[in-house]
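Visitor: Could you walk me through one part of this model at close range, and then show me how the rest is arranged around it?

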Amino acid sequence: MSDDADAVLGTHLQELRRGSVVLASLLACRRPRYGYALLTTLAEAGITTEANTLYPLLRRLEGQGLLTSTWRTEEPRPRKYYETTELGVQTADRLHSEWLALGAGYTDLRKADT
């Protein structure tokens, strides 16, 4: 691929991943996690995310009522833990269903061309 094609692909990959981070975060936070632990969990799942992308997203999801947060100060270093709310679980379920439907649609489109 040329440098221009790589740049175009990079832009589209970034857009594709950006949309998936919401679902991944809601799923991962079904168990309370602090920011850095969530970054690590997502990376281990193959969903690399920058901290400067994740933290604003967490605040937005909290503002939408999809996550809740609590400070835990009993550890030497206080950490803010995020947990998916019941509305967040319902939203994640709907997003996951949509994700599966989209995947099936893409597979059908690929098969149609062969």
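Guide: Let's start at Gly 46, which belongs to the loop between α2 and α3 (helices, H or I of at least four residues, and strands, E of at least two, are DSSP runs numbered from the N terminus). This is a predicted model, where local features need pLDDT of at least 70 and side-chain atom pairs pLDDT 80 or more, while totals for chains, interfaces and linings use all residues. Residues are numbered from 1 along each chain as its sequence is written, and side-chain values rest on heavy atoms, without hydrogens or water.

Gly 46 comes just after α2 and adopts a positive phi of about 85°. Its relative accessible area of 56% makes Gly 46 exposed (over 50%; buried is under 20%, partly exposed in between, with a 1.4 Å probe and protein chains only). To place the loop in the whole, take Glu 86: 40 residues separate it from Gly 46 in sequence, and the two C-alpha atoms are 26 Å apart.

Now step back into the helix before the loop. In α2, the buried residues are Gly 35, Ala 37, Leu 38, Leu 39 and Leu 42. Their cover includes two helices, α1 and α3, and two strands, β1 and β3. Leu 38 also appears among the best-connected members of the largest nonpolar core (a set of buried Ala, Val, Leu, Ile, Met, Phe, Trp, Tyr and Cys residues joined through side-chain atoms within 4.5 Å). That core has 18 residues, and Leu 26, Leu 54, Leu 61 and Leu 67 join Leu 38 as those with the most contacts inside it. Two or more core residues come from each of α1 (3-28), α2 (35-44) and α3 (51-63). Of these, α1 supplies the largest share, with six residues.

Two residues give a sense of the packing. Val 22, in helix α1, is buried with a relative accessible area of 18%. Beyond residues up to four places away in sequence, Val 22 touches Leu 57, Arg 60, Leu 61 and Leu 95 (contact means heavy atoms within 4.5 Å). Pro 76, by comparison, lies 54 residues from Val 22 in sequence, with 30 Å between their C-alpha atoms. Then there is Leu 67: setting aside its neighbours within four places, its contacts include Leu 26, Cys 29, Leu 58 and Leu 61, along with Tyr 82, Glu 83 and Thr 84.

Leu 67 opens β2 (67-72), so this is a good moment to turn to the sheet, where β1 and β2 stand at the edges, each with a single partner strand and one side left without a neighbour. The sheet is open, with three strands in the order β1-β3-β2 and antiparallel pairing (strands pair if DSSP finds at least two bridges between them). Six bridges link β2 with β3, and a hairpin of six residues connects these two strands. On the other side of β3, two bridges join it to β1. Here Arg 33 has Tyr 82 as its bridge partner, and Tyr 34 stands opposite Tyr 81. Tyr 81 is also the bridge partner of Thr 70. The sheet is not left alone, either: α3 packs on it, touching β2 and β3.

Finally, look at the rings on these strands. The model has one aromatic pair (rings of Phe, Tyr and Trp, its six-membered ring, with centres within 6.5 Å; planes under 30 degrees apart count as stacked, over 60 as edge-to-face and the rest as tilted). Tyr 34 and Tyr 81 form an edge-to-face pair, because their centres are 5.4 Å apart and their planes stand at 70°. Tyr 34 belongs to β1 (33-34) and Tyr 81 to β3 (79-84), so the pair ties together parts 47 residues apart in sequence. Tyr 81 counts as buried, at 9% relative accessibility.

Each of the two rings has an arginine over it (a charge sits over a ring if NZ of Lys or CZ of Arg is within 6 Å of the ring centre and within 35 degrees of the ring normal). Arg 72 lies over the face of Tyr 81, 4.0 Å from the ring centre. The charged end of Arg 79 is placed over Tyr 34, at 4.1 Å from the centre of that ring.

Terms used:
Axes fitted to C-alpha atoms, helices over the stretch in contact; angles between N-to-C directions.
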